[in-house]
Amino acid sequence: VATVTAWTYRRLNVPGDPATVGRYRLQDFRDAIYYPVPAVLDGQNPYDAASYLPRYPVGTPLRLYLPAMLGLYLPFGLLPYMASAALFFALNTALVPGLVHHGLRLAGVASTMPRVLALGAFVVLSRPGLLTLFVGQSAIYMTLGLYVALRYARTRPVLAALGVALTGVKPTFGLPLGILLLASGAWRPAVAGGALVALASTALAVPMARAAGGFGPWLASVGGASDMSDDPHNVITQSYVRVDTASLVGRLFQVEPS
């Protein structure tokens, strides 16, 4: 953790500081977690690149998050940027032992302190774990919510529903989880968690729709922001943040799968 923290700090992107231009540490935190909150509070639509990018020191509009994320990230957007970034990094790191613990229990393996700390170190130093902390991504707590939903779907449905609601903020996590739960017959947490996300997203979409000139234009901006083909960080053969199978194949064979 000390190694990753020092590496991140030395390469931190600080909005407004010319000396840090070109650095990309915690850039996902900057673009997807911190600045969307003040943008909405200022009456802007963070999904609309044309209005969002010129007003705030960000590189991309809000991507594959539902409006409910604004409620989840509200405390971060109300703090000064550097304090908020430090808090997010610390909380993201502190959740790694919980992630490992629930992963062990789901696998039917006893969760002991030596195992949690040893595997936690491997998670932090792995390519996916390091980049999650380094760039400021959501994979740790999204996966933790997924584990909680799967583990408690039948014994503690309310807790499982909260896990579904957390992952539902990012549909690339929430939709597969919902399908898994429904297929296993655990429909109560799937439906309850999905309903909670839908209600929160509907309520929080209202000010953004007002800024966009109606729900139709707002939905169009969401669709436009979801197309990441304009983002060089997602070009498979060049990306330093992608760790999926498509990226592995693309880098090995230098092809760009559709």
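**Exercise 1. State which residues of helix H10 are buried, and give the span of H10.**

Solution. The buried residues of H10 are Ile140, Tyr141, Met142, Leu144, Gly145, Leu146, Val148, Ala149 and Tyr152. Here, buried denotes under 20% relative accessible area, exposed over 50%, and partly exposed the range in between, with a 1.4 Å probe and protein chains only. Helices are DSSP runs of H or I with at least four residues, numbered from the N terminus.

The model is predicted: local features need pLDDT of at least 70, side-chain atom pairs count only at pLDDT 80 or more, and totals for chains, interfaces and linings use all residues. Residues are numbered from 1 along each chain as its sequence is written, and side-chain values use heavy atoms, with hydrogens and water left out.

As to span, H10 has 14 residues and reaches 20 Å from its first C-alpha to its last. This is close to the 20 Å expected at 1.5 Å a residue, the expected span being 1.5 Å times one less than the number of residues.

**Exercise 2. Determine how the axes of H10 and H12 are oriented, and which residues make the contact.**

Solution. Two packed helices are described by the angle between their axes and the distance between the axes.

Step 1. The axes of H10 (residues 139-152) and H12 (residues 171-183) come within 11 Å and cross at roughly 10°. Axes are lines fitted to C-alpha atoms, for helices over the stretch in contact, and angles run from 0 to 180 degrees between N-to-C directions.

Step 2. H10 is therefore roughly parallel to H12, a class that takes angles under 35 degrees (over 145 is roughly antiparallel, 65 to 115 roughly perpendicular, the rest oblique).

Step 3. H10 contributes Ala139, Met142, Thr143, Leu146, Ala149 and Leu150 to the contact, and H12 contributes Phe173, Leu177 and Leu181; contact means heavy atoms within 4.5 Å.

Step 4. By class, the contact of H10 with H12 has eight nonpolar, one polar and no charged residues. Nonpolar covers Ala, Val, Leu, Ile, Met, Phe, Trp, Tyr, Cys and Pro; charged covers Asp, Glu, Lys and Arg; polar covers the others, Gly among them.

**Exercise 3. Explain why the buried residues of H12 line one face of the helix.**

Solution. Step 1. The buried residues of H12 are Phe173, Gly174, Leu177, Gly178 and Leu181.

Step 2. Seen down the axis of H12, these buried residues fall within an arc of 120°, so they line one face of the helix. The arc is that of the directions from the helix axis to the C-beta atoms.

Step 3. Leu175, Ile179 and Ala183, on the other side of H12, are exposed.

Step 4. The buried residues of H12 pack against H10, helix H11 (157-168) and helix H13 (187-212). H12 is followed by Gly185, whose phi is positive, near 90°.

**Exercise 4. For Leu26 and Gln254, decide whether each is buried or exposed.**

Solution. Step 1. Leu26 has a positive phi of about 60° although it is not a glycine, and lies in the loop between helix H1 (2-10) and helix H2 (27-34). Leu26 counts as buried because its relative accessibility is 4%.

Step 2. Gln254, also not a glycine, has a positive phi of about 50° and is placed in the segment after helix H15 (245-253). Gln254 counts as exposed because its relative accessibility is 54%.

How values were computed
Helix = DSSP H or I, 4+ residues; strand = E, 2+ residues; numbered from the N terminus.
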